[in-house]
Amino acid sequence: MPSETYERIYAAVRRIPRGRVATYGQIAELAGLEGHARQVGYALHALPERSDVPWHRVINARGEISLRRGGDAHELQRLLLQREKVKFDRRGRVDLGRFRWRARRDEG
DNA sequence: TGCTTGACATAAT
DNA sequence: CATTATGCCAAGC
């Protein structure tokens with residue numbers, strides 16, 4: 001069982017609705033880790049691909065998939081997002097101005 | 001225990 | 001909007 005911090009992060013990621021994307025900063029804020037966006041990415045890194053957490057809906061503040069080359073995870077994320085009707089830019093970036101999910105406090 | 005790295009964010013240029 | 005520099009906390013060695 002992971003640390004309680006991770007649990008909070010996973011819970012926040014699960015709050016992301018379909019067809020929307022959220023930035024690490026948002027997840028951190030929802031998880032109560034405002035300012036610790038790195039830990040969000042780190043938690044997702046430790047997340048198994050068999051997990052029920054929609055990690056693919058989490059991207060960086062630039063609307064780009066930060067995953068490094070050498071792994072297929074970044075491609076998988078793009079495919080998963082495309083299945084969510086999320087449009088990608090020519091440079092492989094998402095228009096946060098349209099697909100960015102506004103977190104809600106009274107929701108859930 | 002201490003240094004380096006990391007699925008990032010923000011401010012400055 | 002892209003690039004560079006700095007800050008934050010946790011994991012890995």
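How much accessible surface does chain A have, and what share of that surface belongs to carbon and sulfur atoms?

1. The accessible surface of chain A comes to about 7,500 Å², and carbon and sulfur atoms hold 42% of it. This value, like those in the points below, should be read with the reminder that the model is a predicted one.

2. On overall dimensions, the C-alpha atoms of chain A occupy a box of roughly 35 × 30 × 25 Å along the principal axes. The radius of gyration is 13 Å, which agrees with the value near 13 Å for a compact globule of 108 residues. Of the 108 residues in chain A, 36% are buried, and among contacts with a separation of 6 or more, 60% join residues that are 24 or more positions apart.

3. As to secondary structure, chain A contains five helices and two strands, and these follow one another along the sequence in the pattern α-β-α-α-β-α-α.

4. The surroundings of DNA strand B comprise 15 residues, of which Leu44, His45, Ala61, Ser66 and Leu67 are the closest. Among the atoms of DNA strand B that come within 4 Å of the protein, sugar and phosphate account for 44%. By class, the surface near the strand is made up of six nonpolar, seven polar and two charged residues.

5. Two helices deserve mention here, since helix H2 (24–30) and helix H3 (37–45) each supply at least two residues of the surface near DNA strand B; H3 gives the most, with six residues.

6. Several polar contacts to DNA strand B use backbone atoms of the protein. A polar backbone atom of His45 lies 2.6 Å from a base nitrogen of the strand, while for a polar backbone atom of Gly41 the distance to a base nitrogen is 3.5 Å. At Tyr24, a polar backbone atom is found 3.5 Å from a phosphate oxygen of DNA strand B.

7. A reader may also wish to inspect Arg57, which is placed in the loop between H3 and strand E2 (58–59). Is this residue buried or exposed? Arg57 counts as buried because its relative accessibility is 11%, which is under the 20% cut-off. A polar atom of the Arg57 side chain lies 2.8 Å from the backbone oxygen of Ile16. Beyond its neighbours within four places in sequence, Arg57 is in contact with Ile16, Pro17, Arg18, Arg20, Val21 and Ala22, and also with Gln77, Leu81 and Glu84.

Terms used
Residues numbered from 1 in each chain as written. Chains lettered and ligands numbered in written order. Predicted model: local features only at pLDDT ≥ 70, side-chain atom pairs only at ≥ 80, totals over all residues. Heavy atoms only, no water. Near = heavy atom within 4 Å. Polar contact = N/O pair within 3.5 Å; in protein donor to acceptor, adjacent residues only side chain to side chain. Helix = DSSP H or I, 4+ residues; strand = E, 2+ residues; numbered from the N terminus. Nonpolar A, V, L, I, M, F, W, Y, C, P; charged D, E, K, R; others polar. Rg over C-alpha atoms; globule rule 2.2 N^0.38 Å. Buried < 20%, exposed > 50% of the residue type's maximum accessible area, 1.4 Å probe, protein only. Contact = heavy atoms within 4.5 Å. Areas by Shrake-Rupley, 256 points an atom, 1.4 Å probe, with all protein chains shown as cover.
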